[in-house]
Amino acid sequence: MRKDVYVLIMSRALRSAAFSYLTFIIPLYLKSVGFTVSEIGLYFFIAVTSSALLVLLSGFLGDIIGRRDSLIIMSSLFVASMVIFSITSNRLLLFITSIFGTTTGAAGGGGAGGGPIAPLQTSLLADYTESRERTRVFGLATSVSILSSLTGSVISYVMLSLGFNDITLFRLSLILSIVALLSLFMVRRDRPRVKTFNLNEILPRRSSRSITKIAVAGSLGSLGLGMVTPLLPLWFRLYLHASEVEINGMYTASYVVSALFTLWAKRIEMIIGRVRAISLLRSLSVSLFVAMAFIPIFLVDAALYVIRVALYMVTIPMRQSLSTEIIDESERARGLSLTGLARRVPYGIGSTIAGVMMDYAEYSLSMVLGGLIALLDPILYYIFFRKYD
(Lines give C-alpha, C1' and ligand atoms only; values in the text may rest on other atoms or scores of the structure.)
Protein backbone atom coordinates (compact mmCIF):
# COMPACT_ATOMS: atom_id res chain seq x y z
CA MET A 1 0.00 0.00 0.00
CA ARG A 2 1.09 3.55 -0.71
CA LYS A 3 2.03 6.09 1.94
CA ASP A 4 -1.11 8.06 1.07
CA VAL A 5 -3.29 5.11 2.11
CA TYR A 6 -1.65 4.92 5.52
CA VAL A 7 -2.01 8.68 6.03
CA LEU A 8 -5.68 8.58 5.06
CA ILE A 9 -6.30 5.70 7.48
CA MET A 10 -4.40 7.54 10.24
CA SER A 11 -6.44 10.70 9.69
CA ARG A 12 -9.64 8.69 9.77
CA ALA A 13 -8.50 6.98 12.98
CA LEU A 14 -7.89 10.32 14.73
CA ARG A 15 -11.26 11.62 13.57
CA SER A 16 -12.98 8.42 14.74
CA ALA A 17 -11.43 8.76 18.19
CA ALA A 18 -12.63 12.36 18.30
CA PHE A 19 -16.16 11.39 17.30
CA SER A 20 -16.55 8.09 19.19
CA TYR A 21 -18.22 9.35 22.35
CA LEU A 22 -20.00 12.31 20.72
CA THR A 23 -22.61 9.88 19.42
CA PHE A 24 -24.18 9.68 22.86
CA ILE A 25 -22.66 12.74 24.56
CA ILE A 26 -24.21 15.33 22.22
CA PRO A 27 -27.92 14.39 22.64
CA LEU A 28 -27.47 14.02 26.42
CA TYR A 29 -25.55 17.31 26.63
CA LEU A 30 -28.16 19.17 24.60
CA LYS A 31 -30.84 17.81 26.96
CA SER A 32 -28.82 18.97 29.98
CA VAL A 33 -28.55 22.58 28.72
CA GLY A 34 -32.30 22.90 28.15
CA PHE A 35 -33.18 21.41 24.76
CA THR A 36 -36.45 19.47 24.60
CA VAL A 37 -36.48 16.04 22.95
CA SER A 38 -38.33 17.50 19.95
CA GLU A 39 -35.68 20.22 19.65
CA ILE A 40 -32.96 17.57 19.78
CA GLY A 41 -34.77 15.70 17.03
CA LEU A 42 -34.92 18.93 15.01
CA TYR A 43 -31.21 19.50 15.67
CA PHE A 44 -30.38 16.11 14.16
CA PHE A 45 -32.76 16.70 11.26
CA ILE A 46 -30.96 19.93 10.36
CA ALA A 47 -27.56 18.31 10.97
CA VAL A 48 -28.34 15.39 8.69
CA THR A 49 -29.97 17.60 6.04
CA SER A 50 -26.98 19.95 6.08
CA SER A 51 -24.68 16.93 5.96
CA ALA A 52 -26.57 15.71 2.91
CA LEU A 53 -26.06 19.00 1.08
CA LEU A 54 -22.40 19.07 2.09
CA VAL A 55 -21.97 15.47 0.94
CA LEU A 56 -23.35 16.47 -2.45
CA LEU A 57 -21.07 19.50 -2.56
CA SER A 58 -17.99 17.59 -1.38
CA GLY A 59 -18.21 14.91 -4.06
CA PHE A 60 -18.68 17.37 -6.92
CA LEU A 61 -16.07 19.74 -5.45
CA GLY A 62 -13.66 16.82 -5.12
CA ASP A 63 -13.87 15.99 -8.81
CA ILE A 64 -13.63 19.68 -9.76
CA ILE A 65 -10.74 20.95 -7.58
CA GLY A 66 -9.23 17.65 -6.40
CA ARG A 67 -10.38 15.15 -3.79
CA ARG A 68 -7.62 15.83 -1.25
CA ASP A 69 -8.17 19.59 -1.16
CA SER A 70 -11.93 19.12 -0.87
CA LEU A 71 -11.36 16.64 2.00
CA ILE A 72 -9.30 19.26 3.85
CA ILE A 73 -12.08 21.84 3.43
CA MET A 74 -14.79 19.48 4.72
CA SER A 75 -12.66 18.26 7.64
CA SER A 76 -12.32 21.85 8.86
CA LEU A 77 -16.08 21.97 9.52
CA PHE A 78 -15.77 19.36 12.28
CA VAL A 79 -13.05 21.48 13.88
CA ALA A 80 -15.39 24.48 13.82
CA SER A 81 -18.17 22.49 15.52
CA MET A 82 -15.84 21.36 18.29
CA VAL A 83 -14.63 24.92 18.87
CA ILE A 84 -18.23 26.00 19.60
CA PHE A 85 -18.99 23.02 21.85
CA SER A 86 -15.72 23.62 23.70
CA ILE A 87 -16.14 27.30 24.54
CA THR A 88 -19.87 27.95 25.09
CA SER A 89 -23.16 26.44 26.26
CA ASN A 90 -25.24 29.10 24.51
CA ARG A 91 -28.21 27.24 23.02
CA LEU A 92 -28.35 29.32 19.85
CA LEU A 93 -24.65 28.82 19.08
CA LEU A 94 -24.91 25.11 19.84
CA PHE A 95 -27.89 24.83 17.53
CA ILE A 96 -25.92 26.59 14.79
CA THR A 97 -23.43 23.69 14.80
CA SER A 98 -26.17 21.59 13.22
CA ILE A 99 -25.66 23.44 9.91
CA PHE A 100 -22.04 22.24 9.76
CA GLY A 101 -23.39 18.72 9.24
CA THR A 102 -20.57 17.06 11.17
CA THR A 103 -22.06 16.28 14.59
CA THR A 104 -23.92 13.22 13.35
CA GLY A 105 -22.64 10.27 11.36
CA ALA A 106 -22.17 6.56 11.09
CA ALA A 107 -20.67 5.91 14.52
CA GLY A 108 -22.47 3.09 16.19
CA GLY A 109 -23.84 1.61 13.00
CA GLY A 110 -25.96 4.53 11.90
CA GLY A 111 -27.35 4.84 8.45
CA ALA A 112 -26.20 8.27 7.43
CA GLY A 113 -22.63 7.46 6.67
CA GLY A 114 -19.56 9.51 7.61
CA GLY A 115 -20.74 12.99 6.70
CA PRO A 116 -19.25 15.08 3.88
CA ILE A 117 -15.86 13.44 4.47
CA ALA A 118 -16.98 9.91 3.52
CA PRO A 119 -17.25 10.07 -0.31
CA LEU A 120 -13.91 11.85 -0.60
CA GLN A 121 -12.05 9.52 1.72
CA THR A 122 -13.54 6.42 0.08
CA SER A 123 -12.69 7.75 -3.38
CA LEU A 124 -9.10 8.54 -2.42
CA LEU A 125 -8.58 5.11 -0.85
CA ALA A 126 -9.94 3.50 -4.02
CA ASP A 127 -7.65 5.71 -6.15
CA TYR A 128 -4.57 4.47 -4.32
CA THR A 129 -5.43 0.74 -4.26
CA GLU A 130 -5.95 -2.00 -6.81
CA SER A 131 -9.43 -3.45 -7.32
CA ARG A 132 -8.50 -6.88 -5.94
CA GLU A 133 -7.33 -5.46 -2.60
CA ARG A 134 -10.04 -2.89 -1.96
CA THR A 135 -12.21 -4.97 0.38
CA ARG A 136 -9.10 -5.76 2.44
CA VAL A 137 -8.02 -2.10 2.51
CA PHE A 138 -11.52 -0.86 3.32
CA GLY A 139 -11.76 -3.57 5.98
CA LEU A 140 -8.45 -2.45 7.47
CA ALA A 141 -9.56 1.19 7.42
CA THR A 142 -12.85 0.30 9.10
CA SER A 143 -11.14 -1.88 11.74
CA VAL A 144 -8.59 0.81 12.56
CA SER A 145 -11.42 3.35 12.74
CA ILE A 146 -13.38 1.13 15.12
CA LEU A 147 -10.32 0.50 17.32
CA SER A 148 -9.75 4.25 17.45
CA SER A 149 -13.38 4.73 18.39
CA LEU A 150 -12.86 2.12 21.10
CA THR A 151 -9.84 4.02 22.40
CA GLY A 152 -11.78 7.27 22.46
CA SER A 153 -14.71 5.58 24.15
CA VAL A 154 -12.50 4.05 26.84
CA ILE A 155 -10.83 7.39 27.49
CA SER A 156 -14.20 9.10 27.79
CA TYR A 157 -15.45 6.30 30.08
CA VAL A 158 -12.47 6.85 32.41
CA MET A 159 -12.84 10.63 32.32
CA LEU A 160 -16.56 10.50 33.09
CA SER A 161 -15.93 8.01 35.90
CA LEU A 162 -13.35 10.40 37.36
CA GLY A 163 -15.86 13.24 37.30
CA PHE A 164 -14.75 15.20 34.23
CA ASN A 165 -17.59 16.95 32.44
CA ASP A 166 -18.74 16.91 28.82
CA ILE A 167 -16.89 20.16 28.00
CA THR A 168 -13.58 18.41 28.68
CA LEU A 169 -14.51 15.70 26.19
CA PHE A 170 -15.45 18.29 23.59
CA ARG A 171 -12.03 19.90 24.00
CA LEU A 172 -10.35 16.53 23.57
CA SER A 173 -12.30 16.07 20.33
CA LEU A 174 -11.16 19.50 19.21
CA ILE A 175 -7.48 18.60 19.66
CA LEU A 176 -7.85 15.27 17.85
CA SER A 177 -9.80 16.82 14.98
CA ILE A 178 -7.11 19.47 14.46
CA VAL A 179 -4.37 16.83 14.26
CA ALA A 180 -6.50 14.77 11.84
CA LEU A 181 -6.96 17.84 9.64
CA LEU A 182 -3.27 18.72 9.59
CA SER A 183 -2.27 15.14 8.67
CA LEU A 184 -4.23 15.41 5.40
CA PHE A 185 -1.65 17.86 4.06
CA MET A 186 0.73 14.87 3.86
CA VAL A 187 -1.48 13.24 1.19
CA ARG A 188 -0.47 13.99 -2.39
CA ARG A 189 -2.74 16.35 -4.30
CA ASP A 190 -4.76 14.57 -6.97
CA ARG A 191 -5.83 15.87 -10.38
CA PRO A 192 -9.32 17.32 -11.00
CA ARG A 193 -11.62 14.91 -12.89
CA VAL A 194 -13.93 17.55 -14.38
CA LYS A 195 -12.27 19.63 -17.10
CA THR A 196 -15.25 21.72 -18.20
CA PHE A 197 -18.30 23.04 -16.38
CA ASN A 198 -21.08 22.10 -18.79
CA LEU A 199 -23.90 19.99 -17.36
CA ASN A 200 -23.11 16.90 -19.43
CA GLU A 201 -19.56 16.85 -18.07
CA ILE A 202 -20.48 17.43 -14.40
CA LEU A 203 -23.36 14.96 -14.02
CA PRO A 204 -22.19 11.33 -13.58
CA ARG A 205 -24.00 9.77 -16.56
CA ARG A 206 -21.89 6.63 -17.08
CA SER A 207 -22.78 5.22 -13.67
CA SER A 208 -26.32 6.63 -13.38
CA ARG A 209 -28.10 3.25 -13.16
CA SER A 210 -25.82 1.89 -10.45
CA ILE A 211 -26.01 5.17 -8.50
CA THR A 212 -29.83 5.12 -8.68
CA LYS A 213 -30.05 1.55 -7.37
CA ILE A 214 -27.68 2.22 -4.47
CA ALA A 215 -29.59 5.41 -3.65
CA VAL A 216 -33.04 3.78 -3.63
CA ALA A 217 -32.00 0.94 -1.32
CA GLY A 218 -29.92 3.16 0.96
CA SER A 219 -32.61 5.84 1.35
CA LEU A 220 -35.10 3.35 2.79
CA GLY A 221 -32.50 1.88 5.13
CA SER A 222 -31.50 5.31 6.38
CA LEU A 223 -35.10 6.42 6.91
CA GLY A 224 -35.61 3.44 9.20
CA LEU A 225 -32.30 3.81 11.02
CA GLY A 226 -32.92 7.55 11.42
CA MET A 227 -36.05 6.70 13.40
CA VAL A 228 -33.90 4.82 15.92
CA THR A 229 -30.18 5.52 16.16
CA PRO A 230 -29.82 9.31 16.78
CA LEU A 231 -31.98 9.29 19.90
CA LEU A 232 -31.08 5.79 21.09
CA PRO A 233 -28.96 7.16 23.99
CA LEU A 234 -32.09 8.93 25.27
CA TRP A 235 -34.00 5.61 25.08
CA PHE A 236 -31.43 4.02 27.38
CA ARG A 237 -31.24 7.07 29.65
CA LEU A 238 -34.89 8.12 29.98
CA TYR A 239 -36.75 4.83 29.57
CA LEU A 240 -34.31 2.18 30.77
CA HIS A 241 -32.76 4.49 33.40
CA ALA A 242 -29.16 3.70 32.45
CA SER A 243 -26.43 6.06 33.62
CA GLU A 244 -24.14 7.96 31.26
CA VAL A 245 -21.26 5.71 32.30
CA GLU A 246 -23.31 2.57 31.55
CA ILE A 247 -24.26 3.89 28.11
CA ASN A 248 -20.60 4.69 27.48
CA GLY A 249 -19.68 1.12 28.45
CA MET A 250 -22.22 -0.25 25.97
CA TYR A 251 -20.76 1.82 23.13
CA THR A 252 -17.26 0.75 24.15
CA ALA A 253 -18.28 -2.91 23.97
CA SER A 254 -19.81 -2.36 20.54
CA TYR A 255 -16.49 -0.99 19.26
CA VAL A 256 -14.57 -4.03 20.58
CA VAL A 257 -16.88 -6.59 18.97
CA SER A 258 -17.17 -4.58 15.73
CA ALA A 259 -13.38 -4.35 15.36
CA LEU A 260 -13.08 -8.13 15.65
CA PHE A 261 -15.93 -8.78 13.21
CA THR A 262 -14.66 -6.30 10.61
CA LEU A 263 -11.29 -8.04 10.37
CA TRP A 264 -13.22 -11.02 8.96
CA ALA A 265 -14.96 -8.98 6.24
CA LYS A 266 -12.81 -10.33 3.39
CA ARG A 267 -13.14 -13.94 4.61
CA ILE A 268 -16.92 -13.65 5.00
CA GLU A 269 -17.15 -12.12 1.53
CA MET A 270 -15.22 -15.04 0.03
CA ILE A 271 -17.35 -17.68 1.78
CA ILE A 272 -20.86 -16.24 1.41
CA GLY A 273 -20.48 -13.83 -1.47
CA ARG A 274 -20.32 -10.05 -1.16
CA VAL A 275 -23.93 -9.15 -1.93
CA ARG A 276 -25.40 -12.11 -0.05
CA ALA A 277 -23.29 -11.26 3.01
CA ILE A 278 -24.39 -7.61 2.93
CA SER A 279 -28.06 -8.53 2.60
CA LEU A 280 -28.06 -11.29 5.23
CA LEU A 281 -26.03 -9.51 7.90
CA ARG A 282 -27.84 -6.19 7.53
CA SER A 283 -31.21 -7.93 7.69
CA LEU A 284 -30.22 -9.55 10.98
CA SER A 285 -28.79 -6.25 12.21
CA VAL A 286 -31.91 -4.11 11.75
CA SER A 287 -34.16 -6.92 13.02
CA LEU A 288 -32.52 -6.57 16.42
CA PHE A 289 -33.98 -3.06 16.79
CA VAL A 290 -37.43 -4.65 16.68
CA ALA A 291 -36.39 -7.19 19.31
CA MET A 292 -35.01 -4.43 21.57
CA ALA A 293 -38.35 -2.61 21.55
CA PHE A 294 -40.09 -5.64 23.07
CA ILE A 295 -37.44 -6.26 25.76
CA PRO A 296 -37.10 -3.01 27.78
CA ILE A 297 -34.27 -4.34 29.99
CA PHE A 298 -30.99 -2.45 29.82
CA LEU A 299 -28.56 -5.38 29.97
CA VAL A 300 -30.50 -7.36 27.35
CA ASP A 301 -30.94 -4.38 25.03
CA ALA A 302 -27.28 -3.41 25.48
CA ALA A 303 -26.20 -6.91 24.42
CA LEU A 304 -28.53 -6.84 21.40
CA TYR A 305 -27.23 -3.41 20.45
CA VAL A 306 -23.60 -4.58 20.54
CA ILE A 307 -24.41 -7.52 18.24
CA ARG A 308 -26.47 -5.28 15.96
CA VAL A 309 -23.61 -2.79 15.47
CA ALA A 310 -21.07 -5.56 14.81
CA LEU A 311 -23.27 -7.12 12.11
CA TYR A 312 -23.78 -3.72 10.49
CA MET A 313 -20.14 -2.63 10.60
CA VAL A 314 -18.75 -5.81 9.03
CA THR A 315 -20.72 -5.06 5.86
CA ILE A 316 -19.30 -1.55 5.41
CA PRO A 317 -16.01 -2.50 3.66
CA MET A 318 -17.92 -4.90 1.40
CA ARG A 319 -20.41 -2.22 0.44
CA GLN A 320 -17.68 0.37 -0.12
CA SER A 321 -15.72 -2.06 -2.29
CA LEU A 322 -18.74 -2.87 -4.45
CA SER A 323 -19.73 0.78 -4.81
CA THR A 324 -16.26 1.81 -5.98
CA GLU A 325 -16.28 -1.00 -8.56
CA ILE A 326 -19.68 -0.33 -10.12
CA ILE A 327 -19.24 3.47 -10.23
CA ASP A 328 -16.87 4.70 -12.93
CA GLU A 329 -13.52 5.95 -11.56
CA SER A 330 -13.88 9.37 -13.18
CA GLU A 331 -17.30 9.82 -11.51
CA ARG A 332 -16.56 8.10 -8.20
CA ALA A 333 -16.60 11.06 -5.81
CA ARG A 334 -19.71 12.55 -7.43
CA GLY A 335 -21.46 9.18 -7.52
CA LEU A 336 -20.73 8.48 -3.85
CA SER A 337 -21.89 11.98 -2.93
CA LEU A 338 -25.22 11.39 -4.66
CA THR A 339 -25.76 8.07 -2.89
CA GLY A 340 -24.75 9.79 0.35
CA LEU A 341 -27.34 12.49 -0.26
CA ALA A 342 -29.99 9.81 -0.77
CA ARG A 343 -29.13 8.34 2.65
CA ARG A 344 -28.83 11.50 4.72
CA VAL A 345 -32.09 13.29 3.93
CA PRO A 346 -34.28 10.29 4.92
CA TYR A 347 -32.09 9.81 7.99
CA GLY A 348 -32.86 13.36 9.10
CA ILE A 349 -36.58 12.88 8.47
CA GLY A 350 -36.46 9.71 10.56
CA SER A 351 -34.74 11.46 13.47
CA THR A 352 -37.43 14.18 13.48
CA ILE A 353 -40.19 11.55 13.57
CA ALA A 354 -38.38 9.79 16.42
CA GLY A 355 -38.13 13.03 18.42
CA VAL A 356 -41.86 13.67 18.15
CA MET A 357 -42.73 10.07 19.03
CA MET A 358 -40.40 10.11 22.04
CA ASP A 359 -42.08 13.27 23.35
CA TYR A 360 -45.34 11.30 23.29
CA ALA A 361 -43.70 8.28 24.96
CA GLU A 362 -43.93 6.16 21.81
CA TYR A 363 -40.25 5.63 21.10
CA SER A 364 -40.58 1.83 21.19
CA LEU A 365 -43.06 2.12 18.31
CA SER A 366 -40.47 4.19 16.45
CA MET A 367 -37.96 1.35 16.95
CA VAL A 368 -40.36 -1.23 15.53
CA LEU A 369 -41.40 0.87 12.52
CA GLY A 370 -37.83 2.00 11.91
CA GLY A 371 -36.52 -1.54 12.01
CA LEU A 372 -39.16 -2.81 9.57
CA ILE A 373 -38.54 0.05 7.12
CA ALA A 374 -34.76 -0.44 7.32
CA LEU A 375 -35.24 -4.10 6.32
CA LEU A 376 -36.15 -2.92 2.83
CA ASP A 377 -32.54 -1.80 2.29
CA PRO A 378 -30.86 -5.25 2.36
CA ILE A 379 -33.79 -6.81 0.51
CA LEU A 380 -33.60 -4.33 -2.37
CA TYR A 381 -29.81 -4.44 -2.32
CA TYR A 382 -29.94 -8.18 -2.99
CA ILE A 383 -32.52 -7.76 -5.75
CA PHE A 384 -30.48 -5.04 -7.48
CA PHE A 385 -26.97 -6.48 -7.18
CA ARG A 386 -27.24 -10.26 -6.72
CA LYS A 387 -25.65 -10.83 -10.15
CA TYR A 388 -22.32 -9.59 -8.76
CA ASP A 389 -22.08 -12.76 -6.66
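## Helix packing and selected residues

The axes of helix α12 (residues 244–262) and helix α15 (residues 298–313) come within 8 Å of each other and cross at roughly 35 degrees, where axes are lines fitted to C-alpha atoms, for helices over the stretch in contact, and angles run from 0 to 180 degrees between N-to-C directions. The model is a predicted one, in which local features need pLDDT of at least 70 and side-chain atom pairs count only at pLDDT 80 or more, while totals for chains, interfaces and linings use all residues. Residues are numbered from 1 along each chain as its sequence is written, and side-chain values use heavy atoms, with hydrogens and water left out. Helices (H or I, at least four residues) are DSSP runs numbered from the N terminus.

The crossing of α12 with α15 is right-handed, the near helix being turned clockwise from the far one by less than a right angle. Contact (heavy atoms within 4.5 Å) involves, among others, M250, Y251 and F261 of α12 and F298, Y305 and L311 of α15. By class, this contact has 13 nonpolar, three polar and one charged residues, counting Ala, Val, Leu, Ile, Met, Phe, Trp, Tyr, Cys and Pro as nonpolar, Asp, Glu, Lys and Arg as charged, and the others, Gly among them, as polar.

A second pair is formed by α1 (residues 3–19) and α6 (residues 118–127), whose axes come within 9 Å and cross at roughly 155 degrees. That angle makes α1 roughly antiparallel to α6, a term for angles over 145 degrees. The crossing of α1 and α6 is left-handed, and V5, L8, I9, R12 and R15 in α1 meet Q121, L124 and L125 in α6. By class, the contact of α1 with α6 has five nonpolar, one polar and two charged residues.

Two individual residues are set out below.

| Residue | Helix | Relative accessible area |
|---|---|---|
| E269 | α13 (residues 265–272) | 9%, buried |
| L365 | α18 (residues 363–374) | 37%, partly exposed |

Buried means under 20% relative accessible area, exposed over 50%, and partly exposed in between (1.4 Å probe, protein chains only). Leaving aside its neighbours within four places in sequence, E269 is in contact with T135, R274 and M318. L365 lies 187 residues from I178 in sequence and 40 Å from I178 in space, C-alpha to C-alpha.

The largest nonpolar core (a set of buried Ala, Val, Leu, Ile, Met, Phe, Trp, Tyr and Cys residues joined through side-chain atoms within 4.5 Å) has 107 residues, of which F85, L232 and F236 touch the most other members. Helix α14 (residues 274–293) gives the most to this core, with ten residues.

Technical notes: Helices (H or I, at least four residues) and strands (E, at least two) are DSSP runs, numbered from the N terminus. Angles under 35 degrees count as roughly parallel, over 145 as roughly antiparallel, 65 to 115 as roughly perpendicular and the rest as oblique.
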